[in-house]
Amino acid sequence: MKIALLGYGKMGKTIEKIAIKRGHDVVLTIDKDDKDYDITKADVAIDFSIPNVAFNNISNCLNNNVPVISGTTGWLDKYDDAIALCKEKKGAFIYASNYSLGVNIFFELNKTLAKMMSALKQYNVSMEEIHHTQKLDAPSGTAISLANGVIEKHEGYNAWKLDEKDNNTIPIVAKRIEDVPGTHTVTYESEVDTINIEHIAHTRQGFALGAVVAAEWIVGKTGVFTMNDVLNIG
């Protein structure tokens, strides 16, 4: 399989190593300032770029019939446009805030717990995410996905806010600490006890492997998919 890497930072380089180890060819490595390149050289593209170029990268792929996997966060104000373009072009697209197998299991665990806790009004939910200092957006896309999972399953919450607590709102605390790949904690607290669920990433390897697995899965397919489709969970 011929892979284009759109975004060649730490994550892009980790994906490259895993892709090559799994027998694939990386035919393009595109950094943020690279504009003239032929995306049609690739069978599939993996986008881990930056928020202000992600949508252009995705659009370029879809316009050229190249399936695209995106893990860039911070661009989702244009997500519906990407979905519309994918359907118009009969392309193939996956966006995930996190490609780690463990995190995607954590997403489902989070929804299950939220449903169980919905009737227990004495518990208040909050979230904390910790990432490396190079991460540009806050809260993380993973934290937003977790918050939306709670909102979907818990009758007591309808929104989230960064560093702010309000009625029916999930407060998210975002911390940036050197060399932390990603830690996400969901907390339910009452006067008598506290329930935590937590996912701690030790390296970037899990994120990168999941992105390559998603790229392998999507080739030859048409439509808009999620990691639940790739992993057959949820």
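**Close-up A. Asn168 is partly exposed, with 40% relative accessible area.** Like every view here, this one shows a predicted model. Why does Asn168 count as partly exposed? Its 40% falls between the two cut-offs, since buried means under 20% and exposed means over 50%. You'll find Asn168 in the loop that runs between strand S7 (159–162) and strand S8 (169–176). Now check its backbone: phi sits near 60°, which is a positive value even though the residue isn't a glycine. Most residues other than glycine have a negative phi.

**Close-up B. Asp179 is another non-glycine residue with a positive phi, this one near 65°.** Follow the chain to the loop between S8 and S9, and there's Asp179. Is Asp179 buried or exposed? It's exposed, because its relative accessible area of 58% is over the 50% cut-off.

**Close-up C. Ala138 and Pro139 are joined by a cis peptide bond.** Look at the omega angle here: it comes out at about -5°. As a rule, most peptide bonds are trans. Where does Pro139 lie? It's in the loop between strand S6 (124–131) and H5.

**Close-up D. Helix H4 covers residues 101–117, and its length works out as it should.** Here's a quick sum to try: H4 has 17 residues, so at 1.5 Å a residue it should span 24 Å. (If your own sum comes out too long, remember that the 1.5 Å is multiplied by one less than the number of residues.) The C-alpha atoms at its two ends are 25 Å apart, which agrees. At the start of the helix, a side-chain oxygen of Ser100 reaches to within 3.2 Å of the backbone nitrogen of Gly102.

**Close-up E. Some residues of H4 are buried, including Phe106, Phe107 and Leu113.** Val103, Asn104, Asn110, Ala114 and Met117 are on the buried list too. What covers these buried residues? The cover includes helix H5 (141–153) and helix H7 (227–231), along with two strands, S9 (182–189) and S10 (194–201).

**Close-up F. The largest pocket has a volume of about 970 Å³.** How do you spot empty space like this? Rolling a probe the size of a water molecule over the atoms shows where it is left. Count the lining and you get 37 residues; the ones nearest the centre are Met11, Phe48, Ser49, Ile50 and Thr72. Helix H1 (10–21) and helix H2 (51–63) are the elements that each give two or more residues to this lining. H2 gives the most, with five. Sorted by class, the lining has 13 nonpolar, 16 polar and eight charged residues.

**Close-up G. The second largest pocket holds about 610 Å³ of space.** It's lined by 28 residues, and closest to its centre are Tyr95, Ala96, Ser97, Phe107 and Ser145. You've met Phe107 already, as one of the buried residues of H4. Which elements give two or more residues to this lining? They are H4, H5 and H7. H5 has the largest share, with seven residues. Nonpolar and polar residues come to 12 each, and four more are charged.

**Close-up H. Thr185 sits in strand S9, and its side chain makes a polar contact with that of Glu198.** That contact is 2.7 Å long. Thr185 counts as buried, because its relative accessibility of 10% is under the 20% cut-off. Who's around it? If you leave aside neighbours within four places in sequence, Thr185 is in contact with Ser126, Met127 and Glu128, and also with Asn196, Ile197 and Glu198.

**Close-up I. Phe93 and Val224 are 131 residues apart along the chain, yet their C-alpha atoms are separated by 5.0 Å.** Phe93 belongs to strand S5 (residues 92–95). Its relative accessible area is 0%, so it's buried.

**Close-up J. Thr203 lies in the loop between S10 and helix H6 (205–218).** A polar atom of its side chain lies 3.1 Å from the backbone nitrogen of Gln205. With a relative accessible area of 43%, Thr203 is partly exposed. Gly23 is 180 residues away along the chain, and the C-alpha atoms of Thr203 and Gly23 are separated by 22 Å.

Definitions and conventions: Residues numbered from 1 in each chain as written. Predicted model: local features only at pLDDT ≥ 70, side-chain atom pairs only at ≥ 80, totals over all residues. Heavy atoms only, no water. Helix = DSSP H or I, 4+ residues; strand = E, 2+ residues; numbered from the N terminus. Buried < 20%, exposed > 50% of the residue type's maximum accessible area, 1.4 Å probe, protein only. Contact = heavy atoms within 4.5 Å. Polar contact = N/O pair within 3.5 Å; in protein donor to acceptor, adjacent residues only side chain to side chain. 1 Å grid on protein atoms, 1.4 Å probe; cavity = no way out; pocket = protein on both sides within 12 Å on 5 of 7 lines; lining within 4 Å. Points joined across faces, edges and corners; volume = space filled by probe spheres on them. Nonpolar A, V, L, I, M, F, W, Y, C, P; charged D, E, K, R; others polar.
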